[in-house]
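Colleague: Got a minute for this one? I'd like to go through the cysteines, then the rings.
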Amino acid sequence: VQLQASGGGLVQAGGSLRLSCAGSGSPFSINTMGWYRQAPGNQRELVAVITSLGNPKYADSLKGRCTISRDNSKNTVYLQMNNLKPEDTAVYYCYALSMGRNYWGQGTLVTVSS
């Protein structure tokens, strides 16, 4: 599975961003898709994931500020982030689980200025 992410960038605190990630290359269905992030000096952490049935899971730090959605026909997952904070600055990695294997995208940088 190859994952192609887009939508990162620079935004002011309180602003919004929408990340997209398209999966391709697998003849098998992709189960869970979503996003993790890693800030400098920190471990990679969950942002939000969603199953193929549309069940989402969010990190507590982002609940109420982001919405994950998915288009199964396109193997694409979207993350709408609102009211962004400087502490949301990180590299955001697209994630997919397919046939018991984990896959990662190349990462997209989100920078939130104060």
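Modeller: Sure. Start with C94, which counts as buried at 1% relative accessibility. Keep in mind that this is a predicted model.

Colleague: Which cysteine is C94 joined to?
Modeller: C21. A disulfide joins the two, with S to S at 1.9 Å.

Colleague: Where do C21 and C94 sit in the chain?
Modeller: C21 is in strand β3, residues 17–24, and C94 is in strand β9, residues 90–98. They are 73 residues apart, so the bond links distant parts of the chain.

Colleague: Is C21 buried or exposed?
Modeller: Buried. Its relative accessible area is 1%.

Colleague: Left-handed or right-handed, that disulfide?
Modeller: Left-handed, because the torsion about the S-S bond of C21 and C94 is about -90 degrees.

Colleague: How many disulfides in total?
Modeller: The count is 1.

Colleague: What about C66?
Modeller: C66 is in no disulfide. The nearest cysteine sulfur belongs to C94, and that is 14 Å away. A disulfide needs the sulfurs within 2.5 Å.

Colleague: Buried or exposed, C66?
Modeller: C66 is buried, at 6% relative accessible area.

Colleague: OK, rings now. How many aromatic pairs turn up?
Modeller: A search of the whole structure gives 3. One of them is Y36 with W104, an edge-to-face pair. The centres are 5.2 Å apart, with 75 degrees between the planes.

Colleague: Which strands hold Y36 and W104?
Modeller: Y36 lies in strand β4, residues 33–38, and W104 in strand β10, residues 101–104. So the pair ties together parts that are 68 residues apart in sequence.

Colleague: And how accessible are Y36 and W104?
Modeller: Both get the label partly exposed: Y36 has a relative accessible area of 21%, and W104 has 37%.

Colleague: Which other ring pairs with W104?
Modeller: Y95. That pair is tilted, 5.1 Å centre to centre and 55 degrees between the planes. Y95 is buried, with 9% relative accessible area.

Colleague: What do those ring pairs build?
Modeller: A cluster. Ring pairs link Y36, Y95 and W104.

Colleague: Any charges there? Where does the charged end of R44 sit?
Modeller: Over the ring of W104, 4.6 Å from its centre. The charged end of R44 also sits over the ring of Y93, 3.7 Å from that centre.

Colleague: So W104 comes up again.
Modeller: Yes. W104 pairs with Y36 and with Y95, and the charged end of R44 sits over its ring.

Definitions and conventions. Residues numbered from 1 in each chain as written. Predicted model: local features only at pLDDT ≥ 70, side-chain atom pairs only at ≥ 80, totals over all residues. Heavy atoms only, no water. Helix = DSSP H or I, 4+ residues; strand = E, 2+ residues; numbered from the N terminus. Buried < 20%, exposed > 50% of the residue type's maximum accessible area, 1.4 Å probe, protein only. Phe/Tyr/Trp six-rings, centres within 6.5 Å; stacked < 30°, edge-to-face > 60°. Lys NZ or Arg CZ within 6 Å of the ring centre and 35° of its normal.
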